[in-house]
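Here is a friendly note for a colleague who likes to see the cut-offs next to the values. Please keep the view open while reading the numbered points.

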Amino acid sequence: MVDEAVRRTLATYEDGTKVVEHKGDLVVRVVNSANGASYDADASGRAVVEIRPDRSQSWYVVGPILAGFGEGGGNVPRGLYTVDGAYTLTVSPTGYRTLTRLHGSTESLCGKVG
């Protein structure tokens, strides 16, 4: 595993909204606890995230990150994914996630660990 990711706050507004940048090398080992299979997933993308007081978020990303979606919790089927390319990810106050790819790919990690 590699964790050289850093984060810094770019702005904080009077209403409590924060704008945060995430960048750096990050590799996460994903393990299937049932069979022991593992996969090292690259999540080293660069993101600028707007975090609002109502818990909603807007992510503007280039490069890979890991994103999980629950059953009925987004516009992508339930699972854990590596999302790569240029895209946005919005999270509603209730946690519903909407992935909008401008260019890139989405790969399910469930298939990688069987």
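**Notes on the model**

1. Phe-69 is buried, at 4% relative accessible area (buried is under 20%, exposed over 50% and partly exposed in between, with a 1.4 Å probe and protein chains only). Tyr-81 is also classed as buried, with a relative accessibility of 9%.

2. A word on the ground rules: this is a predicted model, in which local features need pLDDT of at least 70 and side-chain atom pairs count only at pLDDT 80 or more, while totals for chains, interfaces and linings use all residues. Residues are numbered from 1 along each chain as its sequence is written, and side-chain values rest on heavy atoms, with hydrogens and water left out.

3. How many aromatic pairs does the structure hold? There is one (ring centres of Phe, Tyr or Trp, the last by its six-membered ring, within 6.5 Å; planes under 30 degrees apart are stacked, over 60 edge-to-face, the rest tilted). Phe-69 and Tyr-81 make this edge-to-face pair, with 6.0 Å from centre to centre and 75° between the planes. The two rings connect distant parts of the chain, twelve residues apart: Phe-69 belongs to strand 8 (residues 65-69) and Tyr-81 to strand 9 (residues 79-91).

4. For the overall fold, the chain has zero helices and ten strands (DSSP runs numbered from the N terminus: helices are H or I with at least four residues, strands E with at least two). Read from the N terminus, the order of elements is β-β-β-β-β-β-β-β-β-β.

5. On dimensions, the C-alpha trace spans about 50 × 35 × 25 Å along its principal axes. The radius of gyration is 15 Å, which agrees with the value near 13 Å for a compact globule of 114 residues (taken over C-alpha atoms; the rule is 2.2 Å times the number of residues to the power 0.38). Of the 114 residues, 30% are buried.

6. Where does Thr-82 sit? It is in strand 9, and it is buried at 12% relative accessible area. Beyond neighbours within four places in sequence, the contacts of Thr-82 include Ala-41, Asp-42, Ile-65, Leu-66, Thr-106 and Leu-109 (contact is heavy atoms within 4.5 Å). Chain-wide, 37% of the contacts between residues at least 6 apart in sequence join residues at least 24 apart.

7. Thr-98 belongs to strand 10 (residues 97-108) and is partly exposed, at 27% relative accessibility. Setting aside residues up to four places away in sequence, Thr-98 touches Asn-75, Thr-88, Leu-89 and Thr-90. Its C-alpha atom is 8.1 Å from that of Thr-88, ten residues away along the chain.

8. Pro-77, in the loop between strand 8 and strand 9, is exposed, with 58% relative accessibility. The C-alpha atoms of Pro-77 and Ser-108 are 9.6 Å apart, with their places 31 residues apart along the chain.

9. Which residues form a nonpolar patch on the surface? Leu-10, Val-48 and Tyr-60 do, with about 260 Å² of accessible area together (areas are by the Shrake-Rupley method with a 1.4 Å probe, and for residues only the protein chains shown count as cover). Leu-10, in strand 2 (residues 6-12), is partly exposed at 43% relative accessibility. The chain as a whole exposes about 6,900 Å², and carbon and sulfur atoms supply 50% of this. Patch residues have over 30% relative accessible area and no salt bridge; like charges are joined within 9 Å, nonpolar side chains (Val, Leu, Ile, Met, Phe, Trp, Tyr) within 5 Å. A salt bridge puts a side-chain nitrogen of Lys or Arg within 4 Å of a carboxyl oxygen of Asp or Glu.
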